[in-house]
Amino acid sequence: MSDKTPVPAGFVGVAGNIGIKDPQDDFFAVVSQAPAVVSAVFTLSRFAGPSVRLSREAAADGRARGVTVIARNANVATGQIGTADAREVQEGVARAAGVEPDDILIASTGVIGRPYPMDRVRSYLAGLPAEFPPADLDRSAAAMMTTDTHPKIATAKVGGATLTGIAKGVGMIEPNMATMLTWFFTDAELEQPVLDEVFRRVVDKTFNALSIDTDTSTSDSAAILANGLAGPVDVGEFEAALHEVALKLVRMIASDGEGAGKLIEVRVTGARDDAQAKRIGKAVVNSPLVKTAVHGADPNWGRVAMAVGKCSDETDVFPENVRIVFGDVETFPTEATDETLERAAQHMKGDEVVISVDLGIADGAFTVYGCDLTEGYIRINADYTT
């Protein structure tokens, strides 16, 4: 029995090495043999790259046939040359797949400010097969890695349909309406407006609940393609499955954050509304002091109180109403004894650390995800371009 991740019906593709930086795969394309509907969200960065701009245009009519990615070169801040190069890649993949260029979403990830090595890119595109074989989503997930330590892929069944998602990202992650690079493929049949509503709801609760280092990438892209070959599905069941797959990918990304040793999950409850809970949760998970405390398994609940307190615009947050818990150990307002702090420290020595904050205001709630801050993050990013 094959241990390959299931691929939805009708998706074909290629993956390989252009030679951007090293001999590992740095390119893939996945294309639907049948017309598909698409929902996509992208970075709001003012330095968004040409791949993002071209993909926005390709997804604007709600229809697309596939996606292609080049890794280890972001093709950002490369001017008109970068736009022309990205369009040439888009056209080359479309020509090989027998579809229109505007049916292909394109993404790039890696170092900013360097043009593609177009001689190598053109040579590779010229050698693409006349017919793409069945897609290998495991290999595609690996092909778009940069500083990731392993591919990120998850799948689920929805009735008779298959849903599979792949993602990359370990640093420069504070999504703003999108995330890193994340692609979902399904043979479920859904109307495009329905797919769009579902996808945006799920992105908001999963990828937009993630932060590694508070930095929003210039290349963030997330999309889902549905070709309908497996027939219609229950919309509620599909949304639940999409949320499940997306959350698995989010947790993989947080656990694999650059230099990370632990996943941090911050659960905020008792907020005025979900939006306030999300803001408070992000303040906690993004705090360098909280992150380093988690790395050292130090149950310093005062740093969590600090992170909540610095949200000075939240004028309905009062210390006397707040409750802080590590795992299942309350550290505030109950007086933290040596025994309770040791129990909290034991929880923090695990691979996943849960910090709960109840604001005591109303019933708003949101959970955010991140990772600890280690010496490894500094080493990776100090040497990134070299």
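## Starting point: Thr147

Thr147 sits in the loop that runs between helix 4 (137-143) and strand 5 (152-158). At 21% relative accessibility, Thr147 falls in the partly exposed class; being buried would take a value under 20%. One long-range distance goes with this residue: its C-alpha atom is 20 Å from that of Ser51, and the two residues are 96 apart along the chain.

Keep in mind while reading on that this is a predicted model.

## Backbone oddities

If you're checking torsions, start with the peptide bond between Phe332 and Pro333, which is cis, with omega at about 10°. Pro333 belongs to the loop between strand 11 (329-332) and helix 10 (338-348).

Then there are two alanines with positive phi. Ala77 has phi near 60°, a positive value in a residue that isn't glycine, and its place is the loop between strand 3 (63-71) and helix 2. Ala297 is another non-glycine residue with positive phi, here near 55°. Ala297 is in the loop connecting helix 8 (288-295) and helix 9 (301-309), and it counts as buried because its relative accessible area is 13%.

## Salt bridges

Side chains of opposite charge can pair when their charged atoms come close. How many salt bridges does the structure hold? The count is 18.

Take Arg122 and Asp119, whose side chains form a salt bridge with an N to O distance of 3.8 Å. The cut-off is 4 Å, so that pair qualifies. Both residues are in helix 3 (residues 118-126), and since they are 3 residues apart, about one helical turn separates them. Arg122 is partly exposed at 40% relative accessible area, while Asp119 is exposed at 65%.

Glu330 and Arg323 make another salt bridge, with their closest N and O atoms 2.3 Å apart. Arg323 is partly exposed, with 40% relative accessibility.

Arg267 pairs with Glu265 at 2.7 Å, N to O. Are these partners buried or exposed, or something in between? Arg267 is partly exposed, with a relative accessible area of 36%, but Glu265 is buried at 8%. This pair is also part of something wider: Arg251, Glu265, Arg267 and Glu352 are joined into one network by salt bridges that share partners.

## A negative patch on the surface

Not every acidic residue is paired up like that. Glu57, Asp61, Glu91, Glu100 and Asp102 come together on the surface as a patch of negative charge. Residues in such a patch have no salt bridge.

Asp102, one of the members, is located in the loop between helix 2 (79-97) and strand 4 (104-109). With 52% relative accessibility, Asp102 counts as exposed, because the class begins over 50%.

## Cysteines, but no disulfides

How many disulfides does the model contain? The count is 0. Look at Cys311 to see why: its closest cysteine sulfur is in Cys371, 19 Å away, which is too far for a bond. A disulfide would need the two sulfur atoms within 2.5 Å. Seen from the other side, Cys371 has the sulfur of Cys311 as its closest, at 19 Å, so a bond is ruled out there too.

Both of these cysteines are tucked away from the surface in terms of accessibility class. Cys311 is buried, with a relative accessible area of 16%, and Cys371 is buried with 1%.

Terms used. Residues numbered from 1 in each chain as written. Predicted model: local features only at pLDDT ≥ 70, side-chain atom pairs only at ≥ 80, totals over all residues. Heavy atoms only, no water. Patch = residues over 30% accessible without salt bridge, like charges linked within 9 Å, V, L, I, M, F, W, Y side chains within 5 Å. Areas by Shrake-Rupley, 256 points an atom, 1.4 Å probe, with all protein chains shown as cover. Lys, Arg positive; Asp, Glu negative; His and termini not counted. Charge placed at Lys NZ, Arg CZ, Asp CG, Glu CD. Helix = DSSP H or I, 4+ residues; strand = E, 2+ residues; numbered from the N terminus. Buried < 20%, exposed > 50% of the residue type's maximum accessible area, 1.4 Å probe, protein only.
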